[in-house]
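Me: I am new to this kind of model and would like to learn how to read it step by step. Could you take me through a few features, giving the general idea and then the case at hand?

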Amino acid sequence: MEEERRVSCIVCPLSCVGDVTIADGKVKTVAEFGCPRGEAYAREEVIAPKRMLTTTVRVSGGQLPLLPVISRQLLPKDKIISCARCLANVTVSAPIKEGDVILSDILKLGVDIVASRDLDAI
Amino acid sequence: MHEEIFDVVIIGGGPAGLAAAVSASDNGAARVLVIERDRELGGILQQCIHNGFGLHRFKEELTGPGYALRYIKMVEARSNITVMLDTMVLAVAADKTIVAVNSRDGMIKITAKAVIFTMGCRERTRGAIRIPGSRPAGVFTAGAAQRMVNMEGYLPGKKVVILGSGDIGLIMARRMSLEGTRVEAVLEIMAYSNGLTRNVVQCLEDYNIPLYLSHTILAVHGNGRVTGVTCAKVDAAMRPIAGTEFYLECDCLLLSVGLIPENELSRELGIEMDGRTSGPVVDQLRQTGLPGFFAAGNVVHVHDLVDFVSEEGEIAGKYAAWHANGKMGDCGCLITVKAANGVRTAVPQVIRAVSGNTEPVRLYMRVEKPEKNVTLAILSDGQVLLERKLRVAKPGEMIVVDLPVENIKKIGDDITVVLKH
Ligand SMILES: Cc1cc2nc3c(=O)[nH]c(=O)nc-3n(C[C@H](O)[C@H](O)[C@H](O)COP(=O)(O)OP(=O)(O)OC[C@H]3O[C@@H](n4cnc5c(N)ncnc54)[C@H](O)[C@@H]3O)c2cc1C
Ligand code: SF4
């Protein structure tokens with residue numbers, strides 16, 4: 001079974017839109033992209049798309065009720081929502097420093113979630 | 001009234017103000033003050049928890065708070081910078097006395113040798129774009145909603161429609177989706193999104209959120225709370241097309257319809273404004289038409305990259321310090337910079353040709369509409385000073401060009417920036 005997908009390249013401001021054909025989970029052809037970087041992006045985007053996750057977790061005893069957090073590396077795109085749901089149940093206590101690990105190895109994906117700012121205690 | 005004296009006073013503690021403070025201190029200003037009305041420094045960055053900040057400056061992709069923290073630490077490391085938080089500036093007089101207020105000291109009078117405006121932007125509200133219909137609760141600007149969701153911890157609604165597809169609207173569509181809110185649609189009156197392709201892909205397509213281009217909202221429904229909106233397609237003149245109306249049910253409408261520089265203070269001083277940027281007219285040193293008053297960041301023109309905001313802050317800080325120390329000297333002859341023919345804005349709006357100028361002048365420009373394969377040309381007296389080929393040009397992405405000193409010497413009375421097809 002062959003599948004054709006249109007992919008918008010996000011690597012540079014030219015924003016080329018190209019076509020990728022996939023068969024048996026493998027990329028067969030890549031066309032219409034302006035450069036090899038775009039082709040490489042498209043190959044990964046159709047087979048194993050990845051995203052950073054930024055969200056917040058609840059804080060007890062802090063200057064603010066929420067702490068912004070970020071994944072240290074990219075996560076599989078289809079796991080982003082479950083990771084966000086998982087972090088919705090996390091509460092940390094202030095004080096917190098930027099880079100503190102808030103949740104290690106989230107959903108066993110091998111990626112840590114860290115604080116993206118300092119947050120003092122009240 | 002409590003009174004204080006400083007060399008350089010900076011109004012607004014966002015990225016522009018923080019960079020200005022660090023630079024003023026590093027360039028010889030003895031006493032620097034940053035006045036911020038919020039409870040902490042960092043400005044709008046503190047609510048922009050997504051990543052994508054600082055690629056130019058720090059060569060890494062930081063979150064908004066992460067970027068702010070780097071500058072807050074630089075400010076804290078300089079003992080001659082004082083920060084007043086929870087303090088609102090009410091008025092600035094031409095003799096550089098500033099009246100501010102906070103709950104600790106009441107009214108404060110501050111005297112400065114140089115003043116830098118870094119008050120940022122305000123969001124356009126419903127009034128500014130005049131949507132008819134009832135006035136129910138549940139209508140917010142996207143930035144206000146961003147602050148609620150990311151800093152205060154409550155959701156503005158469960159079923160949302162977003163009007164406006166600039167980056168703030170797109171980022172909020174993803175943010176609300178991650179928080180479990182349904183985003184019904186994003187509507188955009190223009191035929192294109194002003195947001196980055198990356199945001200269209202990662203904030204809308206990833207969450208299957210429809211983007212309706214050339215669409216607008218005709219009416220907001222609901223008594224007490226929003227219950228839905230009537231939408232329609234628009235024609236090339238942006239008039240709704242009869243027969244294309246449809247209804248979207250929602251309990252929340254977010255408006256992401258543009259930012260306006262916050263210039264009440266500068267306007268009251270009678271500082272000359274640029275009708276296109278809605279900010280003060282500045283020269284390449286970021287000095288306004290009133291000597292000793294400088295401006296940087298979103299207060300001058302709406303930026304999309306914080307890196308350039310910091311850069312402007314640094315320039316303003318340096319020359320405000322020079323002004324405070326009496327080092328500015330002859331202010332040179334004035335060359336006006338005009339944007340025309342497809343170029344909407346150009347900053348700085350004036351260039352001072354001071355003898356002994358050694359630095360190139362960096363011009364920041366925005367085009368009127370998306371274009372492909374055009375040439376940006378900088379002209380003076382009919383002569384081409386510089387040309388730059390652009391494969392794409394989008395209104396949402398600022399164009400940055402350095403004008404070398406040799407070129408400035410060749411300039412007549414003014415320069416014009418145009419697009420050639
Ligand atoms: C939602 C959103 C998303 C963005 N995403 C990105 C991105 O992904 N990447 C990127 O590089 N850039 C991004 N930007 C752009 C960038 O963050 C802004 O251009 C930048 O923060 C502007 O800085 P500023 O210092 O000029 O203004 P601000 O950050 O708005 O700071 C102005 C400060 O002045 C204070 N103030 C105003 N009036 C007074 C007064 N009278 N008295 C005392 N204090 C006062 C305000 O409280 C505020 O703290 C984004 C912007 C927004 C709004
Ligand atoms: S394919 Fe190449 S040229 Fe086209 S947008 Fe991607 S990186 Fe840019």
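Me: How many residues of domain 2 of chain B are in contact with domain 3 of chain B?

Reply: This is a predicted model, and one reads such a pairing by counting residues with heavy atoms within 4.5 Å of the other part. Here four residues of domain 2 of chain B are in contact with seven residues of domain 3 of chain B. The two domains bury about 350 Å² between them, with carbon and sulfur atoms giving 53% of that area. On the side of domain 2 of chain B, Tyr192(B), Asn194(B) and Leu196(B) supply 82% of the area buried against domain 3 of chain B, more than any other three residues. The centres of these two domains, taken over C-alpha atoms, are separated by 35 Å.

Me: Where do the domains of chain B lie along its sequence?

Reply: A domain may be written as one range or as ranges joined by a plus sign, and in chain B the assignment gives domain 1 as 1-122 + 259-329, domain 2 as 125-257 and domain 3 as 330-421. For chain A, the assignment gives domain 1 (2-47) and domain 2 (54-115), with 31 Å between their centres over C-alpha atoms.

Me: What area is buried between chain A and chain B?

Reply: The same reading serves for whole chains, and between chain A and chain B about 2500 Å² is buried, 55% of it from carbon and sulfur atoms. In chain A, the residues that lose the most area to chain B are Ile10(A), Leu14(A) and Thr54(A), which together make up 21% of what that side buries. The contact draws on 28 residues from chain A and 32 residues from chain B.

Me: Which residues come nearest to ligand 1?

Reply: One looks at the shell of residues with a heavy atom within 4 Å; among the 31 residues around ligand 1, those that come nearest are Ala16(B), Glu36(B), Ile44(B), Asn298(B) and Val306(B). An N or O atom in the side chain of Glu36(B) is 2.6 Å from an oxygen atom of ligand 1, and a polar side-chain atom of His50(B) lies 3.1 Å from an oxygen atom of the ligand. The protein covers 92% of the 1000 Å² of accessible area that ligand 1 has on its own. By class, the shell around ligand 1 holds 15 nonpolar, 13 polar and three charged residues.

Me: How many charged residues does the shell around ligand 2 have?

Reply: The shell around ligand 2 has no charged residues, but seven nonpolar and three polar ones; among them are Cys9(A), Cys12(A), Cys16(A) and Cys35(A).

Conventions
Residues are numbered from 1 along each chain as its sequence is written. Chains are lettered from A and ligands numbered from 1 in the order in which they are written. This is a predicted model: local features need pLDDT of at least 70, side-chain atom pairs count only at pLDDT 80 or more; totals for chains, interfaces and linings use all residues. Side-chain values use heavy atoms; hydrogens and water are left out. A polar contact is a pair of N or O atoms within 3.5 Å; within protein, one must be able to donate a hydrogen and the other to accept it, and residues adjacent in sequence count only if both atoms are side-chain atoms. Accessible areas come from the Shrake-Rupley method with a 1.4 Å probe; for residues, only the protein chains shown count as cover. Ala, Val, Leu, Ile, Met, Phe, Trp, Tyr, Cys and Pro count as nonpolar, Asp, Glu, Lys and Arg as charged, and the others, Gly among them, as polar. Domain bounds come from an automatic or database domain assignment. Buried area is the accessible area (1.4 Å probe) that two parts lose on being put together, summed over both.
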